[in-house]
Amino acid sequence: MQTSDRTRGVALLVPRLLSIQTDPAEFETADAIAEAIERSAEALLRWHDELAEIQHRRRPPAGAPDPVLVEPPADGPAHASARLAERIRGGSIPADPAGLEQAASELHSIARIVARVADNCSSEHCVVQGQEIAEALSRLSVALRTLADTLRTESRRLGDIGAAGSDGSVDLIDQLLGRVVRAEHAARLAAATTLPG
């Protein structure tokens, strides 16, 4: 693959990245993830521009392999929004774990492509930048997958609690709410630290 193909491939990752949609349980988490994705897209564009500049400065011989990135995290106590607490106490978690898993898979796929392009760069600076982007996208992917797993597990538990109708269900629901809030908070932290700039 020639450099122009690689730089074009990196540029084509940007709309793919920006098309990723998530639906976690809290609006704050959705906003943090969207901001992380936007920062990642901006970093990819900067990296693309640098790769394109390398292409124009130095044309490799024919047949040679060509070379082809916040806000500070909220570290206060995690708390549930009134909306989330009301919905969980009403028997549902307002989130889409399948959508989060799909977003995680797409981030993972994009990270692998970026890593592959970075591995073929001739400039050490481009290699490092590409690896940073790929690692950040991979970490965000893991955070979304973890959140999806937690939301799916807690949704099942919430269904079991409702079906059992036990007297201790208020305590169980509060514990479940706490687990959801902590998982959402962890995802927000991961998003806030994704390529903070």
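**Chat on helix 3, Glu26, Ile20 and the cysteines**

User: What comes right after helix 3, and what is its phi?
Analyst: Gly91 follows helix 3, and its phi is positive, near 110°. Helices here are DSSP runs (H or I, at least four residues), numbered from the N terminus. This is a predicted model: local features need pLDDT of at least 70, side-chain atom pairs count only at pLDDT 80 or more, and totals for chains, interfaces and linings use all residues. Residues are numbered from 1 along each chain as its sequence is written, and side-chain values use heavy atoms, with hydrogens and water left out.

User: Which residues of helix 3 are buried?
Analyst: Leu84, Ala85 and Ile88, in a helix that runs over residues 82-89. They sit on the same side of helix 3, because they cover an arc of only 100° around the axis. That arc is taken from the directions from the helix axis to the C-beta atoms. Buried means under 20% relative accessible area, exposed over 50%, and partly exposed in between (1.4 Å probe, protein chains only).

User: And which exposed residues are on the face turned away?
Analyst: Ala82 and Glu86.

User: New topic. Where is Glu26?
Analyst: In the loop between helix 1 (3-18) and helix 2 (27-57).

User: What is the nearest side chain of opposite charge to Glu26?
Analyst: Arg83, 4.4 Å away. Glu26 is buried yet has no salt bridge. A salt bridge needs a side-chain nitrogen of Lys or Arg within 4 Å of a carboxyl oxygen of Asp or Glu. For charge, Lys and Arg count as positive and Asp and Glu as negative; His and the chain ends are not counted.

User: What else is Glu26 in contact with?
Analyst: Leaving aside neighbours within four places in sequence, its contacts include His79, Ala80, Leu84 and Arg188. Contact means heavy atoms within 4.5 Å.

User: Ile20 next. Buried or exposed?
Analyst: Ile20 is buried, at 10% relative accessibility. Ile20 is also in the loop between helix 1 and helix 2. Not counting residues up to four places away in sequence, Ile20 touches Ile37, Ala103, Glu106, Leu107 and Ile110.

User: Which of helix 4's residues are buried?
Analyst: Among them are Ala103, Leu107 and Ile110.

User: How many disulfides?
Analyst: Zero. A disulfide here is a pair of cysteine sulfur atoms within 2.5 Å.

User: Why is there no bond for Cys121?
Analyst: Because its closest cysteine sulfur, in Cys126, is 5.0 Å away, too far for a bond. Cys121 counts as buried at 10% relative accessibility. Cys126 is buried too, at 0% relative accessible area.

Key
Helix = DSSP H or I, 4+ residues; strand = E, 2+ residues; numbered from the N terminus.
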